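Subject: Structure handover

Hello,

Here is the structure I promised to pass on. Please open it alongside this note, then read on for what turned up.

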Amino acid sequence: MIGLSIPETRMKSVLFCTLGGSHEPILKAIESQRPDYVVFFCTGKDPGTGRTGSCVQVTSKGSVIRAKAEDATATLPNIPAQAGLAQGTFEAVEVPSDDLDGGFEAVRRTIERIRLQRPRARLVADYTGGTKSMSAALVVAALETGTVDLQLVTGNRGDLVRVLSGTEHVALASVERLRTRRAIAQALASWERYAYGEAAEALDRIALPADRNLAADLNRARDLSRAFAAWDRFEHKEALRLLKPYAPVLHERLA
């Protein structure tokens, strides 16, 4: 109708991010996504040295963050305050800094909990910050879940330590190949039980990737699974029909 203003609608989103010593990339990720809820994966006090971990950048009050790495004292408030996050729209989840297995379990459980609590929300994982083990745990958990988009904050680099302040931008990570190959491998694991029909059904549920070579791998795996399932049902003509197009790659195995 003319003159009727339609309010802007936006899919609700949840941002998962690993938090290390630098707050700027996290602020950039929050600014870019404008999430409805933020989960900070961070570290607690180090058991060996007693030094505080990155969780203080989320949970502590007052001036807790140094504006620049070289500053002697902290002059900035915590990240939620800087990002303008209201109470109840974020949480901090403590994970081990250098334990990949333990970190993965903590991250996976959290993602699953949030996914069940917010089934319609878009889930985004930013793996820019944190230790290498923390970032790896988030990436693996996101890939396993299959419904989490991956991103990182990048920019110009003046050295091998960090991105130059002020040049940061958010980039989505391309994980189609990783997810597709992982899904194919999981489906083909059924071959070990001679469950070829089960493998074919699982392969049917995988979306055809844009990469032509990967799409060919998926189609071949699916057709071979169907052929072997047909053979087990004594439908030998159907099995041969499915196998014939792959004669050049199967060589003399069809003879």
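Which side chain meets that of Arg-222 in a salt bridge? The partner is Asp-223, with 3.4 Å from N to O. Keep in mind that this is a predicted model.

**Salt bridges**

Arg-222 and Asp-223 are both buried. They do not stand alone. A network of salt bridges links Asp-204, Arg-222, Asp-223 and Arg-226.

Look next at another pair in that network. The side chains of Arg-226 and Asp-204 form a salt bridge at 2.9 Å, N to O. Arg-226 sits in helix H8 (residues 212–232) and Asp-204 in helix H7 (residues 196–204), so this pair ties together parts 22 residues apart in sequence. Are these two buried or partly exposed? Arg-226 has 32% relative accessibility, so it counts as partly exposed. Asp-204 has 45%, so partly exposed is the label here too.

Now go to helix H4, residues 100–117. Glu-105 and Arg-108 both lie there, three residues apart, which is about one turn of the helix. Their side chains meet in a salt bridge, 2.9 Å from N to O. Glu-105 is partly exposed, at 28% relative accessibility. Arg-108 is partly exposed as well, at 27%.

The count for the model comes to 14 salt bridges. As background, side chains of opposite charge can pair when their charged atoms come close.

**Nonpolar cores**

How many residues make up the largest nonpolar core? It has 24. Val-14, Phe-16, Val-39, Phe-41 and Val-107 have the most contacts inside it. These elements each give two or more residues:

- strands S1 (13–18), S2 (37–42), S4 (122–126) and S5 (148–154)
- helices H4 and H5 (132–145)

Which element gives the most to this core? That is H5, with seven residues.

A second core lies apart from this one. It has 17 residues, among them Leu-15, Cys-42, Cys-55 and Val-58. In soluble globular proteins, nonpolar side chains tend to be buried together.

Val-107 is a good residue to click on. Leaving out residues up to four places away in sequence, Val-107 touches Phe-41, Val-95, Ala-137, Leu-138 and Ala-141.

**Where H4 meets H5**

At what angle do the axes of H4 and H5 cross? They cross at roughly 45° and come within 8 Å. Angles of 35 to 65 degrees fall in the oblique class, so H4 is oblique to H5. The crossing is right-handed.

Both helices bring several residues to the contact. H4 supplies Leu-100, Gly-103, Phe-104, Val-107, Arg-108, Ile-111 and Arg-115. From H5 come Ser-133, Ala-136, Ala-137, Leu-138, Val-140, Ala-141, Ala-142, Glu-144 and Thr-145. Two names return here. Val-107 is among the residues with the most contacts inside the largest core. Arg-108 is the salt-bridge partner of Glu-105.

**A serine in a loop**

One last stop. Where is Ser-190? It lies in the loop between helix H6 (176–188) and H7. Is Ser-190 buried or exposed? It counts as buried because its relative accessibility is 6%, and the cut-off for buried is under 20%. Setting aside neighbours within four places in sequence, Ser-190 is in contact with Ala-195, Glu-198 and Ala-199.

Over to you.

Best wishes

Conventions: Residues are numbered from 1 along each chain as its sequence is written. This is a predicted model: local features need pLDDT of at least 70, side-chain atom pairs count only at pLDDT 80 or more; totals for chains, interfaces and linings use all residues. Side-chain values use heavy atoms; hydrogens and water are left out. A salt bridge is a side-chain nitrogen of Lys or Arg within 4 Å of a carboxyl oxygen of Asp or Glu. Helices (H or I, at least four residues) and strands (E, at least two) are DSSP runs, numbered from the N terminus. Buried means under 20% relative accessible area, exposed over 50%, partly exposed in between (1.4 Å probe, protein chains only). A nonpolar core is a set of buried Ala, Val, Leu, Ile, Met, Phe, Trp, Tyr and Cys residues joined through side-chain atoms within 4.5 Å. Contact means heavy atoms within 4.5 Å. Axes are lines fitted to C-alpha atoms, for helices over the stretch in contact, and angles run from 0 to 180 degrees between N-to-C directions. Angles under 35 degrees count as roughly parallel, over 145 as roughly antiparallel, 65 to 115 as roughly perpendicular and the rest as oblique. A crossing is left-handed if the near helix is turned anticlockwise from the far one by less than a right angle, and right-handed if clockwise.
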